[in-house]
Amino acid sequence: MDTNTIKYSLRKYKLYVIFGPIFKSIEVIFELFTPFVIRYIIDEGISAGLENNYLRIIVPGIILVLMCLLSFGFTFVCQYLSSVCSQGFGTDLRNRIYKKIATLSSLDLEKIGKGNLLTLISNDTNRLQLGIANLIRLAIRAPLLVVGSLIMSIFISIEAFLILFIAVIIIAIPIILIFYFSSRQILKVQESIDKVSSLSNDDLAGARVIRAFNKEEYEINKFKKLSNQYYKDAKVNQTLNALVNPITYLVLNTAAIFVVYLGRDNIFANVPLSAGSLTALIQYLNQITTALIVTFNVVIVLTKAQSSRERVNDFFKIVPSIQDGSITNKDIEYDENELVKFENVSFKYSDSEKNVVNNLDFSIKKGEKIGIIGGTGAGKTTIIKLLERFFDVTSGKILFKGHDIKDFNIKTLREQISLVSQKTSIFNGTIKENVLMGKDDISDEEVVEALKEADAYSFVFKYEDNINHEIVESGKNLSGGQKQRITIARALIKKSDLLILDDSTSALDFLTDKKIRETIASKKDLTTIIISQRATSLKECNKILVMDKGHIVNIGTHEELLKNSPIYKEIYESQVNTHG
Amino acid sequence: MASIKFLFKYLKRDLLTLILCVCFSIILVISLTLIPYFIGLSIDQIDLFNSGKILNFDDFTFDIILISLFIALSVIFQFTFDFLLGRVVERVSKELRDDLFLKFNEVPISFIDNHLKGDLISRIVNDVDNVNTGLTSFFRQLIIGIFQVIIMIIMMFYVNYLLAIVVIILTPFGFLLSYIIAKKSSKYYKENNRFMGEVSSNFLEYINNIDVVESYNYEEYSFEKFNKINQDLYKVGQKAQLISSLINPASRVINNSITAVVVILGAFIYVLAFSNGGTFLGSVLTTGMISTFIQYSIQYSKPFDAISSCVSEAQNAYSSLNRILYVMDAKNDVDNGKEVSLKKGEIVFNHVDFSYDNKRKIIDDFSLLIKEGHKIALVGPTGCGKTTIINLLLRFYDPNKGTIDFNNEHSVDIKKQNIRAKFGMVLQDTWIFKGSVLENIAYSKEDATFEEIKEAAKNANCLDFIERLPQGFDTIISDNSGLSVGEKQLISIARVMLMKPEILLLDEATSNIDTRTELKIVEAINRLTEDKTSIMVAHRLSTIVNSDYIVVINNGKIIESGNHKELMAKKGFYFNLYNAQFEEVGIK
């Protein structure tokens, strides 16, 4: 079976999908026979009763009640199968979406959009789940009830069948049209209410600005326009909905009149229908109408599920932009003068024309401390993302330990690099879990040691439960600086060859920042890349890369750059020279 | 009760339509109930003819004509009822929304500050919707439902009191059963939603941190965590689904059983009455009437379901109505100021006291002279009251004691609009509304030409990045459309640049822009503020050293003031603050 479609999630539930509807069909058959039994009682039972033979009333009566109870039993089984199958399907689908994401890079994810991803795993999955449940529970029941009632009516008389059949068509056509238009209208209504909501949001968020600009009237008029549009859209929808009931009543009851006429004249056979037959036919008529409405609703649920299905299938079909390499050996031999080497590296996003970084050419020796500085959008972080293979170079080559990073198994490559990114990522769980990130071969003492090195233990030890302190809501109970220190500890415990600090001490005060920098500097073997907007944080680096608009404009030590890099000088002075 | 009165105000205009709706619903219900009765009668006519007891179909034809009439009536009145009701309800919703939005713009800023934005939005969107649903179902379910029950009971007793009693006694059992199941299922659904929320938040955490997850090879471990919640969701969700899917079958089994009992009893009553010589315990039954009764017994339970669903909707609507009323009852912002044409001049703070909660003084005996054309900087630790000064200047709040004077005129005596028209401000929280970049910048000057707008963007150093956007100035942006905080700030600065106000207010406006860009903005602002009064609140002292006058505030009081040189010479609070910042950038 194709593992790239939603169907794959049903693999464990094939029998459920088959047996659910079968049990449901049995219920329908009972329901279809009920009017026949009633006909028997009215026609045969009563005349037998008049001759003091009550068995013909009592026996079919008991059958009627038994059929009720039995059909409930069969339905119960079907509903049970359906709940297990659809919920199990949804659960499996969620797991698969989750796992698929792990194979994609953040760039891939950004293309899909985070909001869309959340929709995939919540709304879309729920909708598909509901679709499967409906498919099992109703998709068979309702149409079978319609068709079954029509077939049963043939046994009463062919004219009766014709009347019912025509009634079905006359009801179906306008209602399908109404459902079609109203489902489109509902989208419109939803759109206009979204606009109302988003304008309210803007108005409240900007209350100060709006009032400062004296723009209250303007906003109110803007709102009235939107709310008027909503009013119009909603009215159209109301009118469409107001048509459903009258049309149903009209056709249903008119058909009933025709049915009654069958009792009087029977055009073909000349045998008028009995009172019992007429009662049964009217019941079939009612069943058909209810079932038709249910059918349409099921169709709507399934259509909605259809677009979800396409979205999820499309998601499964996405080919990860990063392809895995084969080197899984961390301890390969290499020239220690070139732990990392960028060879003429350029990168641009596939949907843009401008390069984000241009012709980067530099190398990093083992044990070196490298600084990267530059303004917003200069391309500093891009270097790191290329190195971590969050995306691949457009041209040029990046070597790690002498091999093209594309030849490495991605996991192996990443194992050798510790990244502390600009954005602090803290997960729900204990501090220890946040430092370990799933590693299980590390003792608590080592965790404490890493926290101490990152100067995080100074606040962690104050918690009663120490490193087992629970972090809630992605670290809402921690300050920005505390979060940064935990992420630094996380990187240090990883014990990799290359440590990257991407503007990751911005929330720390000067002293803490310095302390951590000193700790890192003392690790002679640890190659480190420090990205910072603070020139002073990079002063001690062996080498500083100055970046501007995607280019490396200068490379050198702090002193050298002050002399020959105007940009570096400007940055440095903007931070220290107060009269600049 | 107050909320019902409030709602009535909105309904009053269409009271006649609503009364008409109620009348229509009576006609509708009567027609719908009489159709099965006359169908039963016509079946009886056929029966009598077939058994040779009558010789013509005159009565039959009359019945058919009546049935047709009732069908016509039911169709016409059902449609007009739904149509008219829909109009009224939608109009009420629209007016409620308009009035709420108007109110949002009339209440004092403090009201908006003191309420969660999402909560207020939910009142204008969801609560109005709940009132809409509640009103609709009040008329459509409750009123019609009650009429249906009454008329159906009358008809059932009219046709056969014995069967009527049986149906009336048995029906509540089905109702009770589905009520119990529904209650149980809503309990499971609540839990289902809780776990669904957990699944979503775990998932969001995962995709928001995907870089870290991948770079630390954390995928499997994090999947285990996710799967645990997902399995919990499965257990609860499966139960919720099963139980809720039993509601319909359960009421079906009861209703079908009632029909079976009606048929069996009906047959017996027919037979016994016949052998008794016409009546059984004073009741008569024909085959046609058994058919009618089957219809009634099926239909009788429906209004109960409708009424019960209406009760929860009505409760919802009532509490929503109260939430709407809460906003509508809020006091409007009062402005006793007069229309004053403000000329350029000085602004004086005269022993101003202010507190947001009447407990803790935020501003304490604050006096300050802002000379025309001066560049004033407000400095101080977080929470010292800097932003409050701006709130008071723009009359978002008024002082509790003391006065703020514009050209010797007390601020409270000047219309808020007159004061605000003089200021251009850039706030800490940037405000970008959904619309094009052009609209966002031109917000401060609707009739601005494109050249002017471009110029403003250029001066704010944001022309570069705007032109790099997919559709340039026409790109639709919103608060969360992916612009960085810095970019959003640049756009709001451009907005003020375009306005060319007399006085500039900048509240930490450059705090999220990197130092290089910030320097350029400061240059631009310097250009803009030339010969103009400006008041700047800043954390980064490097941006304000050129100010004419620096006011150091702590605990709502001015503790030092003067220009940079003077303050440095004092070696006081400012001196320390300044040096602390130096330490931060690494110079000792």
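**Exercise 1. How many residues does each chain bring to the contact, and how does the side of chain A divide?**

Start with the count: chain A puts in 119 residues and chain B 111 residues, where a contact means C-beta atoms, placed from the backbone, within 7 Å. Next, sort the side of chain A that touches chain B: 54 residues are nonpolar, 44 polar and 21 charged. Here Ala, Val, Leu, Ile, Met, Phe, Trp, Tyr, Cys and Pro count as nonpolar, Asp, Glu, Lys and Arg as charged, and the others, Gly among them, as polar.

A word on the source: this is a predicted model, where local features need pLDDT of at least 70 and side-chain atom pairs count only at pLDDT 80 or more, while totals for chains, interfaces and linings use all residues. Residues are numbered from 1 along each chain as its sequence is written, with chains lettered from A and ligands numbered from 1 in the order in which they are written.

**Exercise 2. What radius of gyration does chain A have, and what would a compact globule of 580 residues have?**

The globule would come out near 25 Å, but chain A has 36 Å; both refer to a radius over C-alpha atoms, and the globule rule is 2.2 Å times the number of residues to the power 0.38. Now look at the spans: the C-alpha trace covers about 120 × 60 × 50 Å along the principal axes of chain A.

**Exercise 3. Work out the strand order of the open six-stranded sheet in chain B, and find its edges.**

Read off the order first: β6-β9-β10-β3-β11-β12, with mixed pairing. Strands are DSSP runs of E, at least two residues, numbered from the N terminus, and two of them pair if DSSP finds at least two bridges between them. Then the edges: β6 (423-426) and β12 (557-562) of chain B each have a single partner strand, so one side of each lacks a neighbour in the sheet.

Now walk through some pairs. β6(B) and β9(B) are parallel, over four bridges, with F423(B) partnered by I503(B). β9(B) is also parallel to β10 (residues 533-537) of chain B, through five bridges, and L504(B) faces S534(B) there. β11 (residues 549-554) of chain B runs antiparallel to β12(B), again with five bridges.

**Exercise 4. Is strand β9 of chain B buried or exposed?**

Five of the five residues in β9 (503-507) of chain B are buried, so the strand is largely enclosed by the rest of the structure. Buried means 20 or more other C-beta atoms within 10 Å of a residue's own. Side chains in a regular strand alternate between the two faces of the sheet. Check each side: I503(B), L505(B) and D507(B) are buried on one, L504(B) and L506(B) on the other.

Definitions and conventions
Contact = placed C-beta atoms within 7 Å. Buried ≥ 20, exposed ≤ 12 C-beta atoms within 10 Å, placed from the backbone.
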